[in-house]
Amino acid sequence: MVKKRIVVCGGNGFLGSRICKVAVGRGWDVVSISRSGEPVWSGVTASPQRPSWSSSVSWQKADMLRPTTYRSMLKDADAVVHSMGILLEADYKGVLTGKESIWNGLSKAFSATKAGSQNPLERKEGEDLEPQEKDGQLTYELMNRDTGVTLFMDQVITALTQTFAAITLAQEASFHNVPSFVFISAAAGAPMLPKRYITTKRDAESTIASSLPKLRSVFIRPGFLYDSSRAFTLPIAFFGSAGNMLNSMIGGRLTWLAGAAVEKPLKADLVAEGIVEAIEDRGVKGVVGTTAIEELATKAWRRGML
């Protein structure tokens with residue numbers, strides 16, 4: 001039996017590393033792509049020690065804004081997961097070290113409009129995504145929208161030839177090497193986050209779905225993720241659960257105001273299980289919300305009990 005091969009972009013992150021762990025547990029070949037390679041384990045787990053399963057992952061370094069650095073890694077993949085993004089655009093480290101003023105930091109975080117890159121659907125083969133903000137700032141448009149679209153386009157291109165082909169040629173092709181693409185999106189925005197946090201994710205979803213309708217794309221939309229290894233997430237999850245229960249009791253009337261703040265928080269491990277099960281189940285396609293994520297994770301748990 002041929003092993004599945006999964007490529008997780010952002011695989012050294014909080015959720016990405018857990019996706020890698022679950023996939024390894026299923027006996028799949030797993031490749032993680034990120035700027036820094038293997039995680040700093042104390043940042044994603046409760047222990048600084050390298051877990052045993054991590055030796056089964058190929059921890060690769062690449063720049064997601066430069067497709068030539070990762071294109072070869074997508075060859076023969078059964079699925080690619082885009083698990084990357086930024087929560088706030090402000091350079092908080094710059095603010096803390098005095099390199100940037102608090103006012104400038106807040107202005108960047110809550111600006112109504114920002115540039116991303118050049119149009120990723122019109123870029124040439126091998127052309128890098130160039131930040132259009134004059135200071136090279138990583139924006140929601142760039143990380144949430146443009147890298148997601150570009151990664152998906154490169155799957156199709158790699159599957160056909162090493163030469164760039166038009167979208168029409170990709171759609172007419174009878175086969176491709178990467179049948180499944182998973183984009184980690186979000187359930188909704190939240191009052192404390194700029195509106196563009198969610199609009200750029202929705203832009204990526206709609207562009208991928210409309211430009212490449214023949215390809216199976218899965219858009220995972222969880223709410224807040226928590227885990228005991230990150231103690232600060234536990235009280236946030238507690239209050240989020242309380243808000244979710246209250247919102248359910250009053251018929252969802254708080255959703256328009258609070259967004260993800262009243263979405264049911266999910267344990268990061270559970271979401272990872274749901275994502276891997278979604279890859280396994282070819283019937284899963286399109287938007288996968290909180291309830292569906294839980295159902296997929298339960299299905300995976302039952303499979304493991306057999």
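The structure holds 15 salt bridges. The model is a predicted one. Several of these pairs are taken up below, after the sheet and the helices around the strands.

Strands of a sheet pair through backbone hydrogen bonds, in either the parallel or the antiparallel sense. Here seven strands form an open sheet with parallel pairing, in the order S3-S2-S1-S4-S5-S6-S9. Strand S3 (57–61) and strand S9 (286–288) are at the edges, and each has a single partner strand, so one side of each lacks a neighbour in the sheet. From one strand to the next the twist averages 20°.

Strand S4 can serve as a way into the sheet. On one side, S1 and S4 are paired in the parallel sense over four bridges, and Cys9 stands opposite His82 in S4. On the other side, S4 is joined to S5 by four bridges, and these two strands run parallel; Val81 stands opposite Val182 in S5. Side chains in a regular strand alternate between the two faces of the sheet. In S4, Ala79 and Val81 point one way, while Val80 and His82 point the other way. Are these residues buried or exposed? All of them are buried.

Towards the S9 edge, strand S6 (residues 216–220) is joined to S9 by three bridges, and the two run parallel. Within this pairing, Ile220 stands opposite Val288 in S9. Helix H1 (residues 16–25) packs on the sheet, where it touches strand S1 (5–9), strand S2 (29–34), S3 and strand S4 (79–82). The direction of H1 makes about 170° with that of S1. Helix H7 (residues 196–211) lies across strand S5 (180–184), S6 and S9, and runs at about 165° to S5.

Helix H8 (residues 233–249) contains Asn247. With a relative accessibility of 6%, Asn247 counts as buried, because the cut-off for buried is under 20%. What is Asn247 in contact with, leaving aside its neighbours within four places in sequence? The residues are Gly252, Arg253, Leu254, Thr255 and Val262.

Two packed helices are described by the angle between their axes and by the distance between the axes. Helix H10 (residues 268–280) and helix H11 (residues 290–305) pack at an angle of about 80°, and their axes are 7 Å apart. Angles of 65 to 115 degrees count as roughly perpendicular, and H10 and H11 are therefore roughly perpendicular to each other. On the H10 side the contact is made by Leu270, Val271, Glu273, Gly274, Glu277, Ala278 and Glu280. On the H11 side it is made by Ile293, Glu294, Leu296, Ala297, Lys299, Ala300 and Arg303. Sorted by class, the contact of H10 with H11 has seven nonpolar, one polar and six charged residues.

The salt bridges come next. Side chains of opposite charge can pair when their charged atoms come close. Glu38 forms a salt bridge with Arg50, in which the closest N and O atoms are 2.5 Å apart. Glu38 lies in the loop between S2 and helix H2 (41–44), and Arg50 in the loop between H2 and S3, so this pair ties together parts that are twelve residues apart in sequence. Glu38 counts as partly exposed at 30% relative accessibility, and Arg50 is also partly exposed, with a relative accessible area of 44%.

A second salt bridge is formed where the side chains of Asp227 and Lys267 meet, at 2.9 Å from N to O. Asp227 lies in the loop between strand S7 (225–226) and H8, whereas Lys267 lies in strand S8 (residues 266–267), so the pair ties together parts that are 40 residues apart in sequence. Asp227 is buried, with a relative accessible area of 6%. Lys267, at 32% relative accessibility, counts as partly exposed. The side chain of Lys267 also meets that of Asp269 in a salt bridge, at 3.2 Å from N to O. Asp269 counts as partly exposed, at 30% relative accessibility.

Which residues are joined into one network by salt bridges that share partners? They are Arg26, Glu277, Glu280, Asp281, Lys299 and Arg303. Among them, Glu277 and Glu280 of H10 and Lys299 and Arg303 of H11 also take part in the contact between those two helices.

Terms used:
Residues are numbered from 1 along each chain as its sequence is written. This is a predicted model: local features need pLDDT of at least 70, side-chain atom pairs count only at pLDDT 80 or more; totals for chains, interfaces and linings use all residues. Side-chain values use heavy atoms; hydrogens and water are left out. Two strands pair if DSSP finds at least two bridges between them. Axes are lines fitted to C-alpha atoms, for helices over the stretch in contact, and angles run from 0 to 180 degrees between N-to-C directions. Contact means heavy atoms within 4.5 Å. Buried means under 20% relative accessible area, exposed over 50%, partly exposed in between (1.4 Å probe, protein chains only). Angles under 35 degrees count as roughly parallel, over 145 as roughly antiparallel, 65 to 115 as roughly perpendicular and the rest as oblique. Ala, Val, Leu, Ile, Met, Phe, Trp, Tyr, Cys and Pro count as nonpolar, Asp, Glu, Lys and Arg as charged, and the others, Gly among them, as polar. A salt bridge is a side-chain nitrogen of Lys or Arg within 4 Å of a carboxyl oxygen of Asp or Glu.
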